[in-house]
Amino acid sequence: MATVERDVLIVGAGHAAAMAAVGLRQKGFAGSIAMVGEEAALPYERPPLSKAYLAGTLEAQRLYLRKAEFWQERAIDVRLSTRVTGLDPQARTATLSTGEAIRYTWCILATGGRVRPLPCPGADLPGVHYLRTLEDVDGIRASLKPGARLAVIGGGYIGLEVAASARKLGHEVTLIEALDRVLARVTSPVVSRFFEAKHRAEGVDVRLNTAVAAIVGETAVTGVQLGSGEVIPADVVVVGIGILPNSELAQEAGLPCDNGIVVDAFCRTADPAILAIGDVARHPNRFAPGALRLESVQNAVDQAKTAVGVILGTPEPYADLPWFWSDQYDIKLQTAGLAIDYDEIIVRGSPEAAPFSVCYLRQGKLIALDCINSIKDFMAGKKLVAAGLEPDRTLLCDPDHALKDLMTAPA
Ligand SMILES: Cc1cc2nc3c(=O)[nH]c(=O)nc-3n(C[C@H](O)[C@H](O)[C@H](O)COP(=O)(O)OP(=O)(O)OC[C@H]3O[C@@H](n4cnc5c(N)ncnc54)[C@H](O)[C@@H]3O)c2cc1C
């Protein structure tokens with residue numbers, strides 16, 4: 001078995017991995033870098049997959065984070081369609097599915113997550129899709145023939161975005177959610193109700209409090225059987241019920257894992273030569289009450305910077321404000337901060353119609369905002385949350401009072 005030496009081995013070739021490699025070269029790192037990813041595609045952005053790419057308004061070429069020449073010109077050894085199958089922290093060596101081995105000085109685990117499988121009979125029938133990769137969306141697009149009826153299982157960001165994209169394409173869409181509201185994991189009831197109403201107005205048949213009993217069909221999916229026994233006719237099913245962190249490699253190497261690879265504020269695992277970043281990293285976050293994993297581009301990009309700092313000997317703890325976005329129809333939801341353990345909600349504007357924003361407070365401190373078609377609130381809100389301010393409530397709930405003018409009273 002051939003063993004090669006690399007100063008930095010990056011496992012995974014997704015957003016976090018790519019940004020770590022880019023960041024190292026940008027900061028003048030001259031050592032050797034290998035980036036090993038099991039997908040066939042060069043690093044690309046996932047957010048448009050459920051939005052413009054699924055809707056057919058964005059070409060695959062526009063998804064790539066960098067052109068192929070970029071990686072060659074910067075001497076980044078990119079291995080695609082290759083899996084890292086084992087990691088030996090003592091020998092600082094990783095084994096690859098090709099049979100080769102890479103000995104590293106630093107290893108960055110950026111293995112992301114994989115889709116949570118739907119645990120019911122019929123889930124493996126042709127026509128049942130998940131959405132994580134470019135390949136997945138190409139499969140969905142090929143299945144969604146004109147007139148095809150779509151059932152979406154899961155009312156999180158991805159399920160809702162898929163429903164919106166499919167409506168744009170003219171498909172009949174039923175959205176099935178087990179809980180009593182959409183986006184329940186990430187936002188408040190007021191925002192959930194807004195999105196539910198929007199989808200209904202756009203013609204989606206939204207079913208809440210609804211369990212899926214089985215996917216039905218002989219040789220391919222023909223419907224989704226609900227807990228009540230009712231069968232929703234469907235030619236295509238897209239399942240979006242969350243992801244599981246790809247932490248097995250770390251776990252088998254003896255690194256502590258707990259719903260993700262456990263890291264400190266510098267993205268270091270228990271082995272100081274191994275860092276973990278992005279969706280897979282369970283990290284302490286100064287905007288959360290405890291450790292957590294974040295599944296966002298912001299987190300992937302900013303943790304990549306943290307890892308680069310550690311490798312270059314200029315470590316800075318990860319302290320960036322979490323933010324997220326979602327595009328559905330003509331609505332852009334932008335979230336600043338983490339709406340966890342809030343004890344008060346203030347709505348700016350009318351939640352009946354966009355634009356409006358929802359502010360989340362904990363003991364008077366502004367901890368997060370959901371901004372619906374309100375970029376100004378989002379931009380100012382990011383600064384307010386990052387600064388840990390306790391803004392005046394009367395001014396906060398007045399949509400005519402610009403949030404940026406509240407940057408006065410430090411907590
Ligand atoms: C459809 C969709 C829409 C999204 N929309 C948004 C959005 O609007 N806003 C937002 O902020 N975020 C969004 N996200 C989330 C965002 O894309 C992720 O947070 C981000 O991609 C995380 O990057 P990552 O590098 O940590 O993980 P990933 O992108 O999952 O990359 C990890 C890579 O590592 C590979 N890998 C895993 N194990 C191994 C191994 N052993 N060997 C080799 N390779 C391995 C995987 O195959 C994968 O290619 C969306 C995600 C999806 C799927």
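Student: Which strands does helix 4 lie across, and at what angle does helix 4 run to strand 8?

Tutor: Helix 4 (residues 134-143) lies across strand 8 and strand 15 (236-239). The angle to strand 8 is about 145 degrees. Angles run from 0 to 180 degrees between N-to-C directions, and axes are lines fitted to C-alpha atoms, for helices over the stretch in contact. Helices (H or I, at least four residues) and strands (E, at least two) are DSSP runs, numbered from the N terminus. This is a predicted model: local features need pLDDT of at least 70, side-chain atom pairs count only at pLDDT 80 or more, and totals for chains, interfaces and linings use all residues. Residues are numbered from 1 along each chain as its sequence is written.

Student: How do you know that strand 9 and strand 10 pair?

Tutor: Count the bridges. Two strands pair if DSSP finds at least two bridges between them. Strand 9 (residues 149-153) and strand 10 (residues 172-176) have five, in the parallel sense. So the two strands pair. Glu172 in strand 10 is the bridge partner of Arg149.

Student: What makes strand 8 and strand 11 edge strands?

Tutor: Each pairs on one side only. They belong to an open sheet of five strands with parallel pairing, in the order 8-15-9-10-11. Neighbouring strands here are turned by 20 degrees against each other on average, direction ignored.

Student: Why is Pro355 called partly exposed?

Tutor: Pro355 has 17 other C-beta atoms within 10 Å. A residue is buried at 20 or more such atoms and exposed at 12 or fewer, with C-beta atoms placed from the backbone. The value 17 falls in between, so Pro355 is partly exposed. Pro355 sits in the loop between strand 23 (344-348) and strand 24 (356-362).

Student: Which residues does Pro355 touch, not counting residues up to four places away in sequence?

Tutor: Pro355 touches Gly349, Ile372, Asn373 and Ser374. Contact means C-beta atoms, placed from the backbone, within 7 Å. Val84 is 271 residues away along the chain, and its C-alpha atom is 46 Å from that of Pro355.

Student: Which residues come nearest the ligand?

Tutor: Gly12, Gly14, Arg46, Gly112 and Gly278, of the 36 residues around the ligand. Being near means that the C-beta atom, placed from the backbone, lies within 6 Å. Helix 1 (15-26), helix 8 (297-311) and strand 21 (323-328) each give two or more residues to this shell.

Definitions and conventions:
Contact = placed C-beta atoms within 7 Å.
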